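Visitor: Pick one small part of this model and walk me through it slowly, please. After that, follow the thread through whatever else is worth a look.

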Amino acid sequence: MSFRTTDAGLSDRDIALVKASVAVVEPHVADLPRYFYDKLFRRYPGVRELFPPNLDVQHDKLVRALLLIVDLVDDPAYLARFCADLGRDHRKFGTLSAHYPAVGESLLATLEHFAGPAWTPDIAAAWTRAYTTVADAMDQAATADAEVRPAVWEARIVRHVRRGPDLAEITVRTDQPYRFTGGQFVSLETPWFPKIWRYYSPANAARPDGTLTFYVRAVPGGVISNLLVFRAEVGDALRLGRPLGDLAIDPASTRDVVCVAGGTGIAPIRALIEQAVLDGAERRVELFAVARTGDALHAAEDLLRLSERHHWLSVRAVLTDADRPLPELLAQCGPWPRHDAYLCGPGPMIIDSARVLHRGGVPVERIHHDPFVRPDLFQA
């Protein structure tokens with residue numbers, strides 16, 4: 001199978017064939033990653049060094065990325081943005097242009113294997129065009145990115161503070177300037193598990209001293225999060241990938257803003273608000289900071305102090321066991337038809353909040369959120 005650059009794009013029939021073929025292989029989704037990686041490493045053993053020794057987590061990532069791309073295949077603009085970010089991010093793995101055909105060949109062989117008799121020449125052609133579209137977008141974005149910034153930044157922990165039994169505030173300083181915008185997220189690699197990366201959002205906009213602060217919660221079974229909370233200490237070396245995402249308060253907009261932040265989702269929201277301060281924004285911002293316990297609201301305290309200096313910022317601290325659930329509180333404090341909304345935190349909280357805001361008059365396109373939550377759920 002040959003993968004070449006094409007400007008033809010995907011036809012409606014291509015999209016229908018891709019989606020239909022995924023429905024066919026979906027019952028085998030648990031076995032698909034192992035077959036794919038076995039096929040890839042047998043055919044191209046040199047690619048193995050790009051991956052961590054234990055591929056269990058990588059299996060889940062492959063499936064989620066594949067299903068998300070299929071979900072987005074009929075939204076070319078969104079798919080292009082997603083793939084461009086994915087390509088830039090993959091530089092940290094050492095991905096090169098020559099790797100994309102190898103992955104594509106192994107992916108199509110895997111889909112053909114699990115589709116069985118349902119796999120046809122037309123489906124193979126549609127998948128070839130779909131994969132080529134994705135791979136070209138990733139590769140072109142990575143090539144352009146390599147001209148302006150490194151693939152990774154070396155960093156050291158300069159401050160580590162426990163904020164509760166399972167929460168740590170970790171501040172790092174990079175070896176060279178790390179340019180980002182408040183609201184973006186960052187991939188992080190620890191020395192204990194090389195080639196395993198986790199995504200965290202800085203809890204600040206750019207600082208004069210170049211440091212970044214992250215809120216990390218240890219979760220059951222979360223090896224990296226537990227190490228960062230309970231083992232990491234000042235002086236430990238970490239690596240950062242490039243900043244990702246386009247969550248940002250538009251300084252040119254005149255609309256007011258409503259923000260909802262749950263748990264460690266307060267980090268990107270705090271960064272957004274700090275960025276608004278740096279940008280000289282005067283838009284009114286109303287923040288609902290949600291947490292299970294008072295200890296988890298420490299970041300909201302910083303924002304409360306910030307609100308004392310900036311009249312346009314209002315902060316409400318909300319405990320999840322309070323008398324009024326968050327959706328009810330949002331509805332009572334509204335309506336919000338003239339607002340832009342920014343939501344960060346657990347998926348169910350984002351969906352519940354988005355539904356209240358949408359019913360209250362906020363168009364879906366003005367509801368900004370974590371990139372892994374599907375916006376079509378907001379209208380249910």
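**A loop, and what else there is to see**

Guide: Let's begin at Lys195, which sits in the loop between β3 (186–189) and β4 (197–200). Bear in mind that this is a predicted model, so everything here is computed from predicted coordinates. What makes Lys195 worth a stop is its backbone: phi is near 70°, a positive value in a residue other than glycine. For background, most residues other than glycine have a negative phi. As for its surroundings, Lys195 has 34% relative accessibility and counts as partly exposed, because that figure falls between the 20% and 50% cut-offs.

If you like backbone oddities, there's another at Gly334 and Pro335. A cis peptide bond joins these two, with omega at about 5°. In general, most peptide bonds are trans. Pro335 is in a loop as well, the one between α10 (326–333) and β10 (339–344).

One more loop, then, with a fold contact in it. Gly245 is found between β6 and β7 (256–262) and is partly exposed, at 22% relative accessibility. Its C-alpha is 6.3 Å from that of Phe185, although the two residues are 60 apart along the chain. You can see a similar kind of contact at Met138 in helix α6. From Met138 to Arg88 the C-alpha distance is 6.9 Å, across 50 residues of sequence. Met138 itself is buried, with a relative accessibility of 7%.

Now for the charges. Side chains of opposite charge can pair when their charged atoms come close. This structure holds 23 salt bridges. Take Arg129 and Asp14, whose side chains meet at 2.8 Å, N to O. Arg129 lies in helix α6 (residues 121–146) and Asp14 in helix α1 (residues 12–25), so this pair ties together parts that are 115 residues apart in sequence. Their surroundings are worth checking one by one: Arg129 is partly exposed at 32% relative accessibility, whereas Asp14 is buried at 5%.

Strands get a link of this kind too. Glu154 and Arg239 form a salt bridge with an N to O distance of 3.4 Å. Here the partners are 85 residues apart, with Glu154 in strand β1 (residues 153–164) and Arg239 in strand β6 (residues 237–240), which makes it a link between distant parts of the chain. Both ends count as partly exposed: Glu154 has 37% relative accessibility, and Arg239 has 26%.

For a local case, look at Asp302 and Arg305, where the salt bridge comes out at 2.2 Å, N to O. Why do these two sit about one helical turn apart? Because they are three residues apart in helix α9 (residues 298–309). Asp302 is partly exposed, with a relative accessible area of 26%, and Arg305 is partly exposed as well, at 44%. Salt bridges can also chain up: Asp85, Arg88, Arg91, Asp145, Arg149 and Arg242 are joined into one network by bridges that share partners. You've met one of that group already, since Arg88 is the C-alpha neighbour of Met138 at 6.9 Å.

Some charges gather with their own kind instead. On the surface, Asp12, Asp71, Asp74 and Asp75 make up a patch of negative charge. Asp71 belongs to helix α3 (residues 56–72). With 42% relative accessibility, Asp71 counts as partly exposed, and it can join a patch because 42% is over the 30% that patch residues need.

Last stop, the cysteines. How many disulfides does a search of the whole structure find? Zero. Cys259 shows the reasoning nicely: its closest cysteine sulfur is the one in Cys344, 8.1 Å away, which is too far for a bond, because a disulfide needs the two sulfurs within 2.5 Å. Cys259 is also buried, at 0% relative accessibility. Cys83 is buried too, with a relative accessible area of 2%.

So if you go back to the view with a few spots in mind, try the positive phi at Lys195, the cis bond between Gly334 and Pro335, and the Arg129–Asp14 bridge.

Key: Residues numbered from 1 in each chain as written. Predicted model: local features only at pLDDT ≥ 70, side-chain atom pairs only at ≥ 80, totals over all residues. Heavy atoms only, no water. Buried < 20%, exposed > 50% of the residue type's maximum accessible area, 1.4 Å probe, protein only. Patch = residues over 30% accessible without salt bridge, like charges linked within 9 Å, V, L, I, M, F, W, Y side chains within 5 Å. Areas by Shrake-Rupley, 256 points an atom, 1.4 Å probe, with all protein chains shown as cover. Salt bridge = Lys/Arg side-chain N within 4 Å of Asp/Glu carboxyl O. Lys, Arg positive; Asp, Glu negative; His and termini not counted. Charge placed at Lys NZ, Arg CZ, Asp CG, Glu CD. Helix = DSSP H or I, 4+ residues; strand = E, 2+ residues; numbered from the N terminus.
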